[in-house]
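With the structure open in your viewer, follow the stops below in order, selecting each residue as it is named.

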Amino acid sequence: MNLALAIMYLYPQANPLYDFIAKDDGPMFHLIVDEHPTKQVLLPDAEGADPEDWIEGVHFEYRKKNPSEMTEGVEFEWLPSVPYIATWNVKDANGNDVPQPTEQELQAAWEAYQALPIPKTPEELEEERLQTLETNTDAALLGVADAYEQQLSASATQEEQNITAMLGLTEVYELAMLQQAVIEQLQAKIAQLEASQATGGAA
């Protein structure tokens, strides 16, 4: 468990540099034998003397082993690290002291923190921005293309309407011309009849 992150999840307003200090001293060295292991160390007087004649304190002595000289799993073990709160000065919005959270509360906060979505890296955010920009650009281009097609369709429709109107005007004009010709023919007939009547009356 990351103790500092769990605390920040519980108290987002807390300042980890002032309101609390979370420490983790790392794995703990732990002896698994009853007595501290020792090793035999020769003294200067041991040089040239028969080992069978060595006397403890004169020719040799026993000293405690350093951890690096011990056998892990036989003489010692590393206990898992246990983070702890070294300093606690967290206060609420009114300036009142906030009780230090229990281990259960911290564990629940840590699990809730881990369930949060993983923040995106700057590279991922930039890639997402470019993808969004590309999508918006494609949509804009499609919109322009659709508008252009609609404009062409509207222009074609208007042109068809203009042609239809011109054809209608042409038909009206032709009909008017035809009527004018009929009128002229009738007028000519009337003139002939009037001329015939005038000639007959004179005789």
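Select Trp 78 to begin: in this predicted model the residue is partly exposed, because its relative accessible area of 43% falls between the 20% and 50% limits. Keep Trp 78 selected and add Phe 29, which is likewise partly exposed, with a relative accessible area of 31%. The ring centres of Phe 29 and Trp 78 lie 5.6 Å apart with the planes at 70°, so this pair counts as edge-to-face. If you then colour strand β2 (residues 28-31), where Phe 29 lies, and strand β5 (residues 76-79), which holds Trp 78, you can see that the pair ties together parts 49 residues apart in sequence.

Move next to Trp 54 and Phe 60, an aromatic pair that is tilted, with 6.5 Å from centre to centre and 45° between the planes. Here Trp 54 counts as partly exposed at 23% relative accessibility, whereas Phe 60 is buried at 9%.

Now select Tyr 11, Phe 20 and Trp 88 together, since one aromatic cluster is formed by these residues. Searching the whole structure gives 8 aromatic pairs.

To widen the view, select residues 3-117, the range that an unreviewed UniProt entry annotates as "domain: Bacteriophage SP-beta YorD". Over this range the chain is 17% helix and 23% strand, and its end C-alpha atoms are 19 Å apart.

Finally, go to helix α3 (residues 122-202) and pick out Gln 150, which is exposed, with a relative accessible area of 57%. From the C-alpha atom of Gln 150, draw a distance to that of Ile 183, 33 residues away along the chain, and the separation is 49 Å.

Terms used
Residues numbered from 1 in each chain as written. Predicted model: local features only at pLDDT ≥ 70, side-chain atom pairs only at ≥ 80, totals over all residues. Heavy atoms only, no water. Helix = DSSP H or I, 4+ residues; strand = E, 2+ residues; numbered from the N terminus. Buried < 20%, exposed > 50% of the residue type's maximum accessible area, 1.4 Å probe, protein only. UniProt positions renumbered as here; feature names shortened; annotations may be inferred. Phe/Tyr/Trp six-rings, centres within 6.5 Å; stacked < 30°, edge-to-face > 60°.
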